[in-house]
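This briefing accompanies the sequence and the three-dimensional view below. Please keep both in sight while reading the points that follow.

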Amino acid sequence: MPAPEIHKSAKLANVCYDIRGPVLEKARQMEEDGHKIIKLNIGNLAVFGLEPPDEIVQDMIRNLPQAAGYTDSKGLFAPRKAIVHYTQEKRIAGVTVDDVYLGNGASELITMSMNALLNAGDEILVPAPDYPLWTASVSLSGGTPVHYLCDEANGWIPDLQDMARKITPATKGIVVINPNNPTGALYPVEVLQAIVELARRHGLIIFADEIYDKVLYDGNVHTSIASLADDVLFVTFNGLSKNYRSCGYRAGWMVVSGDKRRARDYIEGLNMLASMRLCANTPGQLAIQTALGGYQSINDLVAPGGRLCRQRDLAHRLLTEIPGVTCVKPKAALYMFPRLDPVIYPIEDDQQFAYELLAEEKVLIVQGTGFNYPTPDHFRLVFLPHEDDLAEAIGRIARFLGHLRRRYGTGS
């Protein structure tokens with residue numbers, strides 16, 4: 001009698017992460033067959049020649065011989081102290097070293113923050129579109145993600161009325177991704193203040209994902225939502241991956257601030273989970289103090305004429321020249337979330353759209369529903385490739401969309 005099949009946990013039934021999902025698996029198969037794929041699916045900066053600052057690399061190399069032991073479960077003192085200073089720069093009040101947790105990237109800490117909080121039936125408000133790790137972490141932790149809409153017609157700013165409507169007695173917190181992935185939106189202070197007021201009124205935690213807080217264009221300034229109140233509990237996430245082009249170092253942090261008195265039991269849960277994973281990787285921790293205290297080369301990349309700014313401008317221009325494609329120009333981050341006019345492109349399955357684009361033009365993007373957006377008329381691309389490669393990739397997308405218009409009979 002054959003042994004029974006081994007199935008994945010039922011907890012994974014509602015978990016997806018399409019940034020590294022089935023379309024990527026198809027791309028890997030095509031690469032094994034000898035095809036060259038242009039990958040616009042993931043914000044992995046190093047593969048596009050965007051390297052970490054040399055002083056971070058050299059500091060890690062110098063300290064590596066002393067990095068073999070476990071650290072304190074929350075992390076080394078010096079980088080945590082540097083993060084406290086950073087919170088002071090961001091005007092977040094009352095943060096001590098004990099409020100800072102270092103992690104293997106912000107991703108580990110996002111999951112930890114949900115695991116420590118949620119019971120079955122608890123709800124967390126998550127933006128739509130979102131960075132899908134948030135939805136997945138809520139589900140995996142036994143909670144229910146409830147998506148509030150961000151309004152494309154208003155620059156992808158959260159729809160505050162929709163957010164308020166979706167708060168129930170089961171709601172425990174609100175996730176705010178600012179600057180936003182996948183849309184590149186940057187939220188005005190008055191919107192952040194309104195979210196704080198909602199959290200205050202309903203006794204909710206605000207989970208603030210601010211990993212792109214230095215990737216800002218056109219002179220825009222980022223406001224940390226945790227700087228706007230001390231009577232609401234905030235859990236803020238950041239790290240080196242994007243601002244310092246150090247994705248593989250897995251160096252992230254989580255800061256608890258605001259009304260910590262009513263959260264003693266939750267904080268005890270965070271401490272327990274931090275201890276269970278022993279500690280974050282020590283070499284990554286060693287990069288943090290040098291990064292925060294050193295020359296902020298990201299400013300050169302995002303300034304007018306800087307590489308990231310030029311690539312953003314080029315990608316936006318080329319995309320919006322395609323018939324039936326509109327796109328809110330990003331104020332921040334590394335992504336665009338263009339819209340395909342559903343009259344011109346009546347797409348019913350956007351994952352199939354991504355498969356066909358990959359098969360025909362060897363370009364890898366992520367479909368919009370992979371970011372928990374409710375309709376199949378968007379996709380996300382990164383604008384990290386050099387300008388020539390970016391122009392080639394978007395040219396291929398334009399050619400593919402031309403084929404679709406002819407197929408649907410909606411244009412040449």
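In this predicted model, M336 stands opposite L381, a residue of β15. That pairing belongs to an open sheet of three strands, which serves here as the starting point. A sheet of eight strands, a cavity, a salt bridge and some local backbone features are then taken in turn.

**The sheet of three strands**

- The strands of this open sheet follow the order β11-β15-β14, and their pairing is antiparallel.
- β11 (335–336) and β14 (366–367) are at the edges and have a single partner strand each, so one side of each is left without a neighbour in the sheet.
- The link between β11 and strand β15 (residues 379–382) consists of two bridges, and these two strands run antiparallel.

**The sheet of eight strands**

- Another open sheet contains eight strands in the order β2-β9-β8-β7-β6-β3-β4-β5, and its pairing is mixed.
- Its edge strands are β2 (100–104) and β5 (157–158), each of which pairs on one side only.
- Strand β7 (residues 205–209) runs parallel to β8, and four bridges join the two.
- Across from A208 stands T236, which belongs to β8.

**Helices packed on the sheet of eight strands**

- Helix α3 packs on this sheet and touches β2, β8 and β9.
- The direction of α3 makes about 115 degrees with that of β2.
- Helix α8 (residues 264–276) also packs on the sheet, where it touches β2, β7, β8 and β9.
- For α8, the angle between its direction and that of β2 is about 40 degrees.

**Cavities**

- The model has two cavities of 30 Å³ or more.
- The volume of the largest cavity is about 90 Å³.
- Which elements each supply at least two residues of the lining of the largest cavity? They are α3 (77–89), β8 (233–239) and β9 (251–258).
- The residues that line the largest cavity are I83, Y86, T87, K90, I92, E210, D213, T236, F237, N238, W253 and V255.
- In this lining, six residues are nonpolar, three are polar and three are charged.
- T236 therefore appears in two of the topics of this briefing, because it lines the largest cavity and stands opposite A208.**A salt bridge between distant parts of the chain**

- The structure holds 22 salt bridges.
- One of them joins D98 to K74, with the closest N and O atoms 3.0 Å apart.
- This pair links distant parts of the chain, since D98 is in the loop between α3 and β2 while K74 is in the loop between α2 (54–63) and α3, 24 residues apart.

**Cis peptide bonds**

- The peptide bond from N178 to P179 is cis, and its omega is near 0 degrees.
- P179 has its place in the loop between β6 (171–177) and α7 (189–202).
- The peptide bond from N181 to P182 is likewise cis, with omega near 25 degrees.
- P182 also lies in the loop between β6 and α7.

**Positive phi values**

- K362 is not a glycine, yet its phi is positive, at about 60 degrees.
- The position of K362 is in the loop between α12 (350–361) and β13 (363–364).
- N372, a residue other than glycine, has a positive phi near 60 degrees.
- The loop between β14 and β15 contains N372.

Notes
Residues numbered from 1 in each chain as written. Predicted model: local features only at pLDDT ≥ 70, side-chain atom pairs only at ≥ 80, totals over all residues. Heavy atoms only, no water. 1 Å grid on protein atoms, 1.4 Å probe; cavity = no way out; pocket = protein on both sides within 12 Å on 5 of 7 lines; lining within 4 Å. Points joined across faces, edges and corners; volume = space filled by probe spheres on them. Nonpolar A, V, L, I, M, F, W, Y, C, P; charged D, E, K, R; others polar. Pairing = 2+ DSSP bridges. Contact = heavy atoms within 4.5 Å. Axes fitted to C-alpha atoms, helices over the stretch in contact; angles between N-to-C directions. Salt bridge = Lys/Arg side-chain N within 4 Å of Asp/Glu carboxyl O.
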